[in-house]
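Got your viewer open and a selection box ready? Load the model, switch on cartoon plus side chains, and follow along stop by stop.

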Amino acid sequence: SNAVLKRAAHDAGAVEPLVQLLFSGTQAAKEEACGALWSIAMVPEITLVVIGGGAAPGCMQLLFTGSEVGQESAAGLLNVCASQDDNKPAIIAANVIEPLVALCQTGSDAAKGQAAGALASLVT
């Protein structure tokens, strides 16, 4: 199943290098890494590892600098991770609220939906 594959990626140590790519890769690599993290983080317990590993600040940068797909991936990753209460302080500390609000106004339809979902998760 998909959850088994996502856990396997996590167990193989994929999270740390993917988070590092958010800060040190090319723009395309950052966006691909964020998309991969978003997929892996669909398993709730893995969201803690993703955010604990420092992904939120990298997402914040992609909200500003990413392509439409990159912005959607960043907002989507934040949306999934914000559904876990333990992740909310680190996500909020990454200063993502303003770029999420801006994305709700100016992003693609898909990015707007993810940004709105992330904001809803953060405030509930």
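What follows is a walk through the model, one selection at a time.

**Stop 1: colour by confidence**

Keep in mind that this is a predicted model, so start by colouring on pLDDT. The chain averages 94, and 99% of its residues reach 70 or more. Which elements have the lowest and the highest mean pLDDT? At the bottom sits α1 with a mean of 84, while helix α6 (residues 68-82) tops the list at 97. As a general habit, where pLDDT is low, don't read the predicted coordinates in detail.

**Stop 2: helix α4, the buried side**

Select residues 44-52, which make up helix α4, and pick out Thr47 within it. Is Thr47 buried or exposed? Thr47 has a relative accessibility of 1%, so it counts as buried. Now show the backbone of Pro44: its oxygen is 2.8 Å from a polar atom of the Thr47 side chain. Leaving out residues up to four places away in sequence, Thr47 touches Ala41, Val80, Cys81, Gln84 and Asn87.

**Stop 3: helix α4, Val49**

Stay in α4 and move to Val49. With 36% relative accessibility, Val49 counts as partly exposed. Beyond its neighbours within four places in sequence, Val49 is in contact with His10 and Val15. For a sense of scale, draw a distance from the C-alpha of Val49 to that of Gln105: you should get 30 Å, for two residues 56 places apart along the chain.

**Stop 4: the salt bridges**

How many salt bridges does the structure hold? There are two. In general, side chains of opposite charge can pair when their charged atoms come close.

Take Arg7 and Glu45 to begin with: their closest N and O atoms are 2.7 Å apart. This pair links distant parts of the chain, since Arg7 belongs to helix α1 (residues 2-11) and Glu45 to helix α4, 38 residues apart. On a surface view, Arg7 is partly exposed at 34% relative accessibility, and Glu45 is partly exposed too, at 42%.

Next, select Asp85 and Lys88. Here the closest N and O atoms of the bridge are 3.0 Å apart. Which partner is buried and which is exposed? Asp85 is exposed, with a relative accessible area of 56%, whereas Lys88 comes in at 10% and counts as buried. The cut-off that matters for this step is 20%: a residue under that value of relative accessible area is called buried.

**Stop 5: helix α5 and what covers it**

Select residues 55-65, helix α5. Which of its residues are buried? Colour Ala55, Ala56, Gly58, Cys59, Met60, Leu62 and Leu63, and you have them. Now bring back the surroundings: the cover over these buried residues includes α2 (15-24), α3 (27-40), α4, α6, α7 (88-93) and α8.

To see one of those covering elements up close, go to Pro99 in helix α8. Pro99 counts as buried, at 4% relative accessibility. Apart from residues up to four places away in sequence, Pro99 touches Met60, Leu63 and Phe64. A C-alpha to C-alpha distance from Pro99 to Gln61 gives 9.0 Å, with their positions 38 residues apart along the chain.

**Stop 6: from α7 round to α8**

Jump to Ile92 in helix α7. Ile92 is partly exposed, at 41% relative accessibility. Its C-alpha lies 9.7 Å from that of Pro57, though the two are 35 residues apart along the chain.

Move on to Asn95, in the loop between α7 and α8. What is the phi of Asn95? Phi is near 60 degrees, a positive value in a residue other than glycine. Asn95 is exposed, with a relative accessible area of 54%.

Past the loop, you reach Ile97 in helix α8 (residues 97-106). Ile97 is partly exposed, with a relative accessible area of 34%.

**Last stop: a nonpolar patch**

Show the surface and select Ile92, Ile97 and Val101 together. These residues make a nonpolar surface patch of about 210 Å². Keep Ile92 and Ile97 labelled as you rotate: Ile92 is in helix α7, and Ile97 is in helix α8.

Methods:
Residues numbered from 1 in each chain as written. Predicted model: local features only at pLDDT ≥ 70, side-chain atom pairs only at ≥ 80, totals over all residues. Heavy atoms only, no water. Helix = DSSP H or I, 4+ residues; strand = E, 2+ residues; numbered from the N terminus. Buried < 20%, exposed > 50% of the residue type's maximum accessible area, 1.4 Å probe, protein only. Polar contact = N/O pair within 3.5 Å; in protein donor to acceptor, adjacent residues only side chain to side chain. Contact = heavy atoms within 4.5 Å. Salt bridge = Lys/Arg side-chain N within 4 Å of Asp/Glu carboxyl O. Patch = residues over 30% accessible without salt bridge, like charges linked within 9 Å, V, L, I, M, F, W, Y side chains within 5 Å. Areas by Shrake-Rupley, 256 points an atom, 1.4 Å probe, with all protein chains shown as cover. pLDDT = per-residue confidence, 0-100.
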